[in-house]
Amino acid sequence: SRSEVSKSVETVSGLEFTRIARTPAPCNALAACTEAMQPQPIAPTPTAQQATEPAPPALPPAPETARYEARFESVWSAETHPTDFPDDAHYSRLIGGTHDSRAVFWREGLNATDGIQRMAERGRTTPLDEEVNAAIASGRAQHLLLGPALERSPGNIAFEFDITRTFPLVTLVTMVAPSPDWFVGVSGVSLFTDGQWREVVH
């Protein structure tokens, strides 16, 4: 059935988000650099009780903004789907946004918006981009995300984006083509949990 084929394709494709480490900026002010290089005071010697019960090291506060690479990979091929595998198997442009919990662009069990429908049926980025921009204007989202298309499956594509603690969720989708209305993606995945940015999210 169509739903079974769609779920089968989903098992051979996936999104991964990997946090990109930022390089510390060089010191621009001599005074600031000098202060940073000053020797730190020596901590007092712990008591016997403290030595036997060391406190776990506290994690440094997470930065307000993080940068991630979104990587989409598909192994959908004639080997994984030998029956009726299309000659031009591909995926439309990745599209989505970063947002908070008040914004929901799609979710399993909910009726599709016009933007999701056009993306799933035709691979269009409009009007889904307009829906994301409307959420940005209303304060529920921050960034519209537009990535490349995967022009041939199997293969992979990637792009980078910024995300903030105020809008820590990411939604991203792409049409499976050719197909009637199949698509794969993620909805409201949080890249910030327990006060820290997640390093890798599958």
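Colleague: Why is β7 called largely enclosed by the rest of the structure?

Modeller: Nine of the nine residues of β7 are buried, where buried means under 20% relative accessible area, exposed means over 50%, and partly exposed lies in between (1.4 Å probe, protein chains only). With every one of its nine residues buried, β7 is therefore largely enclosed. The model is predicted: local features need pLDDT of at least 70, side-chain atom pairs count only at pLDDT 80 or more, and totals for chains, interfaces and linings use all residues. Residues are numbered from 1 along each chain as its sequence is written, and side-chain values use heavy atoms, with hydrogens and water left out.

Colleague: What makes β7 and β8 a pair of strands, and how many bridges join them?

Modeller: A strand is a DSSP run of E with at least two residues, a helix is a run of H or I with at least four, and both are numbered from the N terminus. Two strands pair if DSSP finds at least two bridges between them. Six bridges join β7 (169-177) to β8, so the condition of at least two is met. The two strands run antiparallel, and they form a hairpin with five residues between them. One position to check is Leu-169, opposite Ser-190 in β8.

Colleague: Which other strands are paired with β7, and over how many bridges?

Modeller: β3 pairs with β7 in the antiparallel sense over two bridges, with Tyr-91 opposite Val-176. Strand β4 (residues 95-99) pairs with β7 over five bridges, also in the antiparallel sense; there His-99 has Leu-169 as its bridge partner.

Colleague: What is the strand order in the open sheet, and why are two of its strands called edges?

Modeller: Four strands form this sheet in the order β6-β2-β1-β11, with antiparallel pairing. β6 (155-164) and β11 (200-201) each have a single partner strand, so one side of each is left without a neighbour in the sheet. For β11, two bridges join it to β1 (residues 13-20), and Thr-18 has Val-200 as its bridge partner.

Colleague: What makes a group of residues a nonpolar core, and which members of the largest one touch the most others?

Modeller: The term covers buried Ala, Val, Leu, Ile, Met, Phe, Trp, Tyr and Cys residues joined through side-chain atoms within 4.5 Å. The largest core has 29 residues, and Phe-17, Tyr-68, Phe-72, Phe-161, Leu-172, Leu-191 and Trp-197 touch the most other members. β1, β2, β6, β7 and β8 each supply at least two of its residues. Another core, of nine residues, lies apart from it, and includes Ile-95, Trp-106, Ile-116 and Met-119.

Colleague: Which residues does Phe-72 touch, leaving out those up to four places away in sequence?

Modeller: Contact means heavy atoms within 4.5 Å. Among the residues that Phe-72 touches are Ser-13, Leu-15, Tyr-91, Leu-150, Ile-157, Thr-174 and Val-184. For the chain, 76% of contacts between residues at least 6 apart in sequence join residues at least 24 apart.

Colleague: Is His-81 buried or exposed, and what makes its link to Thr-80 a polar contact?

Modeller: His-81, in the loop between β2 (65-74) and β3 (90-91), has a relative accessible area of 13% and is therefore buried. A polar contact is a pair of N or O atoms within 3.5 Å; within protein, one must be able to donate a hydrogen and the other to accept it, and residues adjacent in sequence count only if both atoms are side-chain atoms. The contact between His-81 and Thr-80 joins side chain to side chain at 2.9 Å.

Colleague: What phi values do Asp-84 and Asp-194 have, and are these residues buried or exposed?

Modeller: Most residues other than glycine have a negative phi, and most peptide bonds are trans. Phi of Asp-84 is near 60°, and that of Asp-194 is about 55°. Asp-84 counts as exposed at 72% relative accessibility, and Asp-194 is exposed at 79%.

Colleague: Where are the cis peptide bonds at Pro-154 and Pro-178, and what is omega for each?

Modeller: Ser-153 and Pro-154 are joined by one, with omega about 10°; Pro-154 is in the loop between β5 (141-146) and β6. Ala-177 and Pro-178 are joined by another, with omega about -5°, and Pro-178 lies in the loop between β7 and β8.
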